[in-house]
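Reader: I would like to learn how to read a metal site and a sheet in a model. Please take me through one case.

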Amino acid sequence: MPLLADVAVPVPLSQAFTYEVPAALAAEVRPGARVLCEFHRRKLLGVVLSVSERSTAIDPSRIKPLAALVDARPALPAELLSFLQELAAYYFAPIGEVLRLALPAIEREQVRALKAQGELDGVLDLGRAKQVGGRKVAFARATDAIEEPGTLRGQAAALLALLRANGEQPVARLEERFGNARSALKKLAERGLVALDEREPPRDPFFRLAEARDVPPELNAAQAEAAARLEAALAAAAGEGEPRAGAPHEPRPAGPSAFLLFGVTGSGKTEVYLRAIKSCLERGRGALVMVPEIALTPQLVARFRARFGDELAVLHSGLSDADRHAMWSSLHGGKVRVAIGARSALFAPVPDLGLILVDEEHDGSFKQEEGVRYHARDMALLRAHRAGAVCVLGSATPSIESVALVRRGKLTELRLPDRAHREASLPEVTLVDLRRFGAGPSGDPLISLPLHRALEKTLAAKEQAILFLNRRGFAPSVVCGSCGTLTTCDACSVALTYHRGRRRDAPAGAIAAGAGAPPPAGAAATPPPAAGAPGAGSLEERPQGGRLRCHYCDYAGPLPERCAACGSRTLLLEGLGTERLEATIAASFPEARVARLDRDVAGKDRSQAILARMREGKIDILVGTQMVTKGHDLPNVTLVGVVNADAALGLPDFRAAERGFQLLVQVAGRAGRRDRPGRVLIQTRNPEHPAIAFAAAHDVPGFLDREIRDREEVGYPPATRLALLRIDAVDEGVGRGAAAKLAAHARTCPEGLARRVEVLGPSAAPIARLRGRYRFRVLLRARERGPLRGTLAALAGLLRDGLDRNARVIIDVDPVAML
Ligand code: ADP
Ligand code: ZN
Ligand code: ZN
């Protein structure tokens, strides 16, 4: 029988293809390795899924041999490979595209080897593939060996002491401090006290500064209890007390191994994570930490480095290809056992994965909103389960989904009910009803008198304030003064936002929006202005300069001269964006140092720089969007103002209340994190709205209870399961037709007929047009997962056979963005 390999190739098809393994490669071709194979007369880079000796129904003369092996050692370890296959099946995503999420770049050496074999002629995608590798840097670390007392002196002794205290260091860094580092290290290495090795260097900004080792604080009772439970779970998962059976990646019988760490803001969740990682490492297993946006969490990375040294792979979008690959190979090779990163870190080749931590698990950025639409939190649970690893989801505002898992017994809840710093308490929250309070001294109706006074008090006490506003730009809408027409994007059915851009008197920290980057995938986008949203005062006079920008596509253009509908020249700027809030605050508090943090100012390093200045006390008032709500620990912030709490609550999305609530609690959590008591002012026109009322009372469980009941009533997740078919087309009729066909098919497939799956639609999407394409959707809803999957499988079949070339259809399982 021939030796056959199933190979996934990077084409948007779900199945794998069968190739023969030539005798010369038989010993080396293994699952997870990349190979070159011929596919429709082209050579493609594929990944071996499985290898077996078997007979096949396919005509043997039609089975082609593999052309060449690229990876001597499989690029995807078995644990990761099988997880990726399951992920592809769960999301009905093409396996080739899913594998691409996890594959490393090709090393130049590999390319050279293939060239030498003459295999690269006519290969399309390898030539274009990113190539990395080559440069190596020496690292030194102390071994466990002990020197004879009194045998070391001078630099050698000092070097050894440094390495023992701070862990591994690049030799170059040591040479900066010790003139004779090289010869001293050589001497130490000869005596077995120091190990030297060469590897690809991390040149990542996160590693620029050496981090002094910290002293772990003594845990409080709640932290200690949580840490002990995790320790026990890690011990059980590692099979302690019983013989370790099976391959390392096989699920091990264990007690509860998935947890929800529900701790109020500032309760010291990070310390619990650090202890869990330590326990995991002590068992020789690796750990993976996922955070929403790593650019916003340099402090968190610093805390990890302070505890574990540089033996940490930090994966983020700012890495160069070479750095990313260096991180990847240090994990893959088992040199580094801890990875930390945003959503895509889910695919890090952490060796013998024993623990996955998902910090701020409620965060929307864990859902990838393009390409393979996976949810990194859900998949973290899956990967951990399959790997026999412990999974911890942490949050001060857990997602409704996670709370539902706790109630169904799938997650064990661990609670941290109090702030970790003994003196710190949760801030006092005051609701400011905007229907009763008019504009304060600034004249701007969205800076009420109470907010104005609170800012004055904070400044007088030399403390810091954060003002949160959910909308970027200067004015969220441009309205015709004569006919009331809203200026919208030509390509999208959303209002354009006016951005004033660079001003001469711009305070330090604010930089011009310029040509503007589109919001990154998965980032919480600024919502389109909801009809009837409370607007701030309009500006009467026509502004000079500035641009109109669409927050959904890349469009940026000048403010038009006239209304497109009636030709009137009176265009009014309405509503308040962060840019204008910053200008108003700067004008009202001339003595204050004001800065802004939102996507317009936050280039790669900018957000870190702004947060650093905030921490150093060089900013008095920080104005910003969601970016200011993320877990920053800023000790001197005593006032948080939520400028317009209603902005997020009116969206046509069943999660609007949940998301609004999370934002409010998270931003409020930035206040009073040390001895000075914090204060939060929430401005709203809906003080009775449950999201606002529960947030004001710090009543997270109360909100969760109510929201879960509400979802049950209206039949939305977690009471049901959803899949969203997203259809779009340049031609409106084509899109509508394709949507109708899909809906009809869903209704007539067995699950649909049996009414085990409800088909809602087709309907136009809430944002009916985006980037020039008309958007439609069909929503599938079911109580059980099985029937929903049955329907999706039927639809996937329809799509495979080709529905309409001009319509694009995306299956979004467990959708998050409903717009
Ligand atoms: P969270 O992630 O839950 O918001 P952090 O982990 O950032 O909270 O902790 C908040 C603050 O409390 C940090 O400054 C942290 O160093 C400190 N902290 C955490 N645990 C302890 C402890 N056991 N004793 C003293 N301080 C602690
Ligand atoms: Zn008009
Ligand atoms: Zn647009």
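Reader: Is Cys566 buried, partly exposed or exposed?

Author: This is a predicted model. Partly exposed covers the range between under 20% and over 50% relative accessible area. Cys566 has 40%, so the residue is partly exposed. Cys480, by contrast, is buried, at 3%.

Reader: Which atoms coordinate the zinc ion (ligand 2)?

Author: Four sulfur donors do: the SG atoms of Cys480, Cys483, Cys563 and Cys566, at 2.2 to 2.4 Å. Along the chain these donors follow the spacing C-x2-C-x79-C-x2-C. Cys480 belongs to strand E20 (residues 477-480), while Cys566 sits in the loop between strand E23 (556-557) and strand E24 (571-574); the pair therefore ties together parts 86 residues apart in sequence.

Reader: What is the arrangement of the 4 donor atoms around the zinc ion (ligand 2)?

Author: Start from the ideal: four tetrahedral donors have angles of 109.5 degrees at a metal. Here the angles subtended by the 4 donor atoms run from 106 to 112°, which makes the arrangement around the zinc ion (ligand 2) tetrahedral.

Reader: Now the sheet. What is the order of the 5 strands in the open sheet?

Author: The order is E2-E1-E4-E3-E5, and the pairing is antiparallel. Strand E2 (17-20) and strand E5 (68-69) are at the edges; each has a single partner strand, so one side of each has no neighbour in the sheet.

Reader: How many bridges join strand E3 to E5?

Author: Two strands pair if there are at least two bridges between them. Strand E3 (residues 34-39) and E5 are joined by 2 bridges and run antiparallel. Val35 stands opposite Leu69 in E5.

How values were computed. Residues are numbered from 1 along each chain as its sequence is written. Chains are lettered from A and ligands numbered from 1 in the order in which they are written. This is a predicted model: local features need pLDDT of at least 70, side-chain atom pairs count only at pLDDT 80 or more; totals for chains, interfaces and linings use all residues. Side-chain values use heavy atoms; hydrogens and water are left out. Donors are N, O and S atoms within 2.8 Å of the metal (3.2 Å for Na, K and Ca); water is not among the atoms, so sites may look incomplete. Four donors count as tetrahedral if all angles lie between 85 and 135 degrees; four count as square planar and six as octahedral if opposite donors are over 155 degrees apart and all others between 65 and 115; anything else is irregular. Helices (H or I, at least four residues) and strands (E, at least two) are DSSP runs, numbered from the N terminus. Buried means under 20% relative accessible area, exposed over 50%, partly exposed in between (1.4 Å probe, protein chains only).
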